[in-house]
Amino acid sequence: MILLVAGMQLAAAEITGTINWDQSQGLSSAQYNCSDANAPVSEDGYLHWVFLGATNVTDAQIQVDGDTPVDYQSKQGNNMDFYTVPYYEFDTLDDMTVTVTYKLPDGTTLDSNAKITLSHYCPGDPGIPEFPTIALPIAAIIGLAFIFQRRKE
């Protein structure tokens, strides 16, 4: 009986590994897509990451620069999707570490072409500008119009 239980535990063993984003896979400039139906609803925006070549992977989490790890959202074929909040400007990501921690069934390996890529992002809702931000330029234009009208008379 003890051997049977020990054998079942060995059969269910998993291998854990990590893979880092090398900052060269994915976006290199602004590519906004705020209409992604799978994305989280957030005023802070989000980043959509894809773990390519996750063929044998049974579970995975992504972590951006020490933030709270995020579980994968969906798996489609050999790819796993992650959405991280908040949104970061692309040029700040160069200084950050993005790591996926994954699990594989014992006896399997990670695809040799596996990598992490940044698919798209949404900077979020910047909000409504404050009143002076809109009112002052309008007031200045109206004021200039009155001054020029007065000079004509």
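## Strand S3 and its partners

Isoleucine 62 has valine 70 of strand S4 standing opposite. The model described here is predicted. In this model, strand S3 covers residues 59-64, and two bridges connect S3 to strand S4, residues 70-71, in an antiparallel arrangement. Five residues lie between the two strands of this hairpin, and aspartate 65 adopts a positive phi near 50° there.

Strand S3 also pairs with strand S7, residues 98-105; six bridges join these antiparallel strands. Through one of the bridges, alanine 60 is partnered with tyrosine 102 of S7. The two faces of S3 differ in their surroundings: Ala60, Ile62 and Val64 make up the covered face, while Asp59, Gln61 and Gln63 make up the uncovered one. In a regular strand, side chains alternate between the two faces of the sheet.

## Overall organisation

The protein has 153 residues, of which 29% count as buried. It contains three helices and eight strands, and along the sequence these follow the pattern α-β-β-β-β-β-β-α-β-β-α. Among contacts between residues at least 6 apart in sequence, 79% join residues at least 24 apart.

## Two open sheets

One open sheet consists of four strands in the order S1-S7-S3-S4, with antiparallel pairing. Strands S1 and S4 are its edge strands, and each of them pairs on one side only. Seven bridges connect S1 with S7, and these two strands run antiparallel. In this pairing, asparagine 20 stands opposite threonine 99 of S7.

Another open sheet of four strands has the order S5-S6-S2-S8, and here too the pairing is antiparallel. Strand S5, residues 74-76, and strand S8 are at the edges with a single partner strand each, so one side of each has no neighbour in the sheet. On average, neighbouring strands of this sheet are turned by 25° against each other, direction ignored. Within the sheet, five bridges join the antiparallel strands S2 and S6. The bridge partner of tryptophan 49 in S6 is phenylalanine 82.

## The nonpolar core

The largest nonpolar core has 26 residues, and Trp49, Phe51 and Leu93 are the ones that touch the most other members. At least two residues of this core are supplied by each of S2, S3, strand S6 (79-84), helix H2 (90-93), S7 and S8. Strand S7 contributes the largest share, four residues. In soluble globular proteins, nonpolar side chains tend to be buried together.

Leucine 93 illustrates how the parts of the chain meet. Leaving aside residues up to four places away in sequence, leucine 93 touches Trp21, Gln23, Leu47, Trp49, Val64, Tyr88 and Leu118. Among these contacts, Val64 belongs to the covered face of S3, and Trp49 is one of the core residues named above.

## Aromatic pairs

The protein has five aromatic pairs. In one of them, tyrosine 32 and tyrosine 121 meet edge-to-face, at 5.5 Å centre to centre and with 80° between the planes. This pair links distant parts of the chain: tyrosine 32 is in the loop between strand S1 (14-20) and strand S2 (46-52), whereas tyrosine 121 is in strand S8 (residues 115-122), 89 residues apart. Tyrosine 32 counts as exposed because its relative accessibility is 53%. Tyrosine 121, by contrast, counts as buried because its relative accessibility is 4%.

A further pair is formed by phenylalanine 51 and tyrosine 102, whose ring centres are 6.0 Å apart and whose planes stand at 40°, so the pair is tilted. Since phenylalanine 51 is in strand S2 and tyrosine 102 in strand S7, this pair ties together parts 51 residues apart in sequence. Both phenylalanine 51 and tyrosine 102 are buried. Tyrosine 102 is also the bridge partner of alanine 60, and phenylalanine 51 is among the core residues with the most contacts to other members. Elsewhere, ring pairs link Tyr32, Tyr87 and Tyr121 into a cluster.

## Confidence of the model

The mean pLDDT of the protein is 83, and 85% of the residues reach 70 or more. Over residues 3-8, however, the pLDDT is below 50, and this stretch has zero contacts in the model beyond near neighbours in sequence. Where pLDDT is low, the predicted coordinates should not be read in detail.

Note on methods: Residues numbered from 1 in each chain as written. Heavy atoms only, no water. Buried < 20%, exposed > 50% of the residue type's maximum accessible area, 1.4 Å probe, protein only. Pairing = 2+ DSSP bridges. pLDDT = per-residue confidence, 0-100. Contact = heavy atoms within 4.5 Å. Phe/Tyr/Trp six-rings, centres within 6.5 Å; stacked < 30°, edge-to-face > 60°. Core = buried A, V, L, I, M, F, W, Y, C linked by side-chain atoms within 4.5 Å. Axes fitted to C-alpha atoms, helices over the stretch in contact; angles between N-to-C directions.
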